[in-house]
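Got your viewer open? Take this tour one selection at a time, and rotate the view as you go.

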Amino acid sequence: MANVIVIGAQWGDEGKGKITDLLSRSADVVIRYQGGVNAGHTIVVKDQTFKLHLIPSGILYPDTECMIGCGTVIDPQVLIKELDQLAKVGVSTQNLLISETAHVTMPYHRAIERASEERRGSHKIGTTGRGIGPTYADKSERTGIRVLDLMDSEGLREQLEWTINYKNVILEKLYNLPPLDPKEVIEEYLGYAERLRPHVVDTSLKIYDAIQRRRNILFEGAQGTLLDLDHGTYPYVTSSNPVAGGACVGTGLGPTMIDRVIGVAKAYTTRVGEGPFPTEIHGEMGELLCDRGAEFGTTTGRKRRCGWFDAVIGRYAVRINGMDCLAITKLDVLDEVEEIKVCVAYEIDGERSEHFPTSSRKFARCCPIYKTMPGWRTPTTHCRSLEDLPKEARDYLKFLAELMEVPIAIVSLGASRDQTIIVEDPIHGPKRALLNHEGTPPSLLSA
C-alpha cells in the first residue's frame, strides 16, 4: 500500500495529467485536492484526447475510485459538462465522489474576477477569469457556498438571496456591471444540485476508510509549486496550495499517512500569465519550444512563455514538497536543439545565489547563470528504456537529477501513454534509482 502525492515542480502545465494517468493504473483511489476549473489536464489515450478540469485523471480507469476533495472549488456547470462529455465517449463516471464540504463557484465570482483583473491594467495578475480567487476569498470570509448547501434547497434559497443582493452592490457600484437575478441563479444551481447529488459524500471519511483497507491512493494536484499561494511567486500565484502539504488540508488526511511525493517537471520551463521568468527565451528558440511542445493552455488556450530548465526553482520545489523522485516530461521537445542551457544559479545584484528569493521584486532582478550542454539532434519519441536514449539525453537527465538532488523515476517522450520510460514505480516502491548523486551511469545501477 502507498499513498502518493503528484505535484508540479514548476509553474504548472508540467504534464501532471499524463503522469497521474500512468500512475492511476496502480492506484485504487485518485483524489483531486485543490484548485478549480482554472486548471486543465490533457490525457491522450490511443487516438482520443481528454481535457479534464475538475474530474481526476483516474476516471479513465473503470475500477478506480475518483474523488474531488474539499480543497477544490467546484463550478457545477463545468463539472456537469465534463460528466456529459465522458459519457458520450463511453467513460463511466459512476465511481466519481464529490466532497460535500468543497466550495462552489458562483456567477458573481466569475464576474468579479474578470472585472477586477481588467481594473488592474498593467498590474494584472494573469488570472483565467473563471472565478477561482473570489471563490476562495468567500471561503476565507466565511460567506461561501458549499456543495452540501446545494443539497439543501430551502437553506440555499435563504443563503443566496442575501449573498447575491450583497454581491450585486459590488457589481453595480464598484464595477458598473448589471446585477444578477437571485431567483434565476437559485433555480440554476438547484438544477445542478439534483444532477450532482448521487456523487456527494463525506470524502474525508471515504479516504480514511480506503487507507484502513490498505488501498493505493494517488493525490492529484493542480497548477505547480511556483503558483502556490504561500510559497510561489506572489502575487503572481493561484489562490490555493498546490504544494504537497495542500494534499492533507485539501482532503482531510493527516500528514503521517503520506508515503511518497513525486514531482513533475518539464525538460525545459514554461510559464503562463504574468510575473518574472528568469530563464525565459525570446525569439526563434522560444518559438521552437512553443511549437514543438504545443505550449498552449488547456483551460484558456493562452500561449505559454518558454524558457530553459531552471534548477534553482527545481531545488526549491524539492525542498518545499519533500519530493522523493521526479518525472521529467517533454524531453522529446528538445530533440532538435543543438545546445541546451540549464540555469544552475542566479546572479542577483552582482552576487551569485543558488536559492530562490522570496521577494518577487528581487526575483525579477535575477539573471540566470547557465551551464550549456550538447543536444542529441535525434528523435527520442520511440525510446522505451534509458538505454534507448542517446548518450547526450542520458547525460542531460543525469545532470538534472544531480542538480535537483532527487532521482528521476519517469521520463515522458510524448503525449501518449506508451511514450514513457518508467524506471521506478512510485506506487509500489522503488525498483532502482535512475541517476544518483555520485554520477553512477544508469547501466550500472542495481535493479
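Which residues does Q10 touch, leaving out those up to four places away in sequence? Select Q10 and show its surroundings: you should find G224, T225, L226, L227, V264, A265, K266, Y268, T269, F309 and I313. Keep in mind that you're looking at a predicted model. Q10 itself sits in the loop between β1 (3-8) and α1 (16-23). Is Q10 buried or exposed? Its relative accessible area is 3%, and anything under 20% counts as buried, so Q10 is buried.

**Stop two: the two domains**

Now zoom out and colour by domain. The domain assignment gives domain 1 as 3-90 + 202-422, and domain 2 as 103-198. Notice that domain 1 is written as two stretches of the chain. How far apart are the centres of domain 1 and domain 2? Taken over C-alpha atoms, the separation is 29 Å. Where the two domains meet, domain 1 brings 26 residues to the contact and domain 2 brings 22.

**Stop three: the interface**

Stay at that boundary. About 2,000 Å² is buried between domain 1 and domain 2, with carbon and sulfur atoms giving 60% of that area. Select V73, P76 and I80 next: this trio supplies 25% of the area domain 1 buries against domain 2, more than any other three residues.

Next, pick D84 and R195. They form a salt bridge, and their closest N and O atoms are 2.6 Å apart. Across the interface of domain 1 and domain 2 there are 2 salt bridges. There are also 6 residue pairs in polar contact between the domains.

Which element gives the most to the side of domain 1 that touches domain 2? Highlight α2, since helices are easy to spot in a cartoon view. On that side, β6 (73-74) and α2 (76-88) each supply at least two residues, and α2 gives the most, with 6. Colour this side of domain 1 by residue type and you'll get 11 nonpolar, 11 polar and 4 charged residues.

**Stop four: inside helix α8**

Jump to I207, which is in helix α8. With a relative accessible area of 2%, I207 is buried. Show what I207 touches, skipping residues up to four places away in sequence, and you'll see I31, M67, I217, T251 and L253. Then draw a distance line from the C-alpha atom of I207 to that of L196: these residues are 11 apart along the chain, and the line should read 20 Å.

**Stop five: some backbone oddities**

Select R142, in the loop between α4 (132-141) and α5 (147-150). R142 isn't a glycine, yet it has a positive phi of about 65 degrees. Is R142 buried or exposed? Turn on the surface to check: R142 is exposed, at 74% relative accessible area.

R214 has a positive phi too, of about 55 degrees, and R214 isn't a glycine either. Look for R214 in the loop between α8 (203-212) and β10. At 59% relative accessibility, R214 also counts as exposed.

For your last selection, take Y234 and P235 together. What is the peptide bond from Y234 to P235, cis or trans? It's cis, with omega near 10 degrees. You'll find P235 in the loop between β10 (217-220) and α9 (244-249).

Conventions: Residues are numbered from 1 along each chain as its sequence is written. This is a predicted model: local features need pLDDT of at least 70, side-chain atom pairs count only at pLDDT 80 or more; totals for chains, interfaces and linings use all residues. Side-chain values use heavy atoms; hydrogens and water are left out. Helices (H or I, at least four residues) and strands (E, at least two) are DSSP runs, numbered from the N terminus. Buried means under 20% relative accessible area, exposed over 50%, partly exposed in between (1.4 Å probe, protein chains only). Domain bounds come from an automatic or database domain assignment. Contact means heavy atoms within 4.5 Å. Buried area is the accessible area (1.4 Å probe) that two parts lose on being put together, summed over both. A salt bridge is a side-chain nitrogen of Lys or Arg within 4 Å of a carboxyl oxygen of Asp or Glu. A polar contact is a pair of N or O atoms within 3.5 Å; within protein, one must be able to donate a hydrogen and the other to accept it, and residues adjacent in sequence count only if both atoms are side-chain atoms. Ala, Val, Leu, Ile, Met, Phe, Trp, Tyr, Cys and Pro count as nonpolar, Asp, Glu, Lys and Arg as charged, and the others, Gly among them, as polar.
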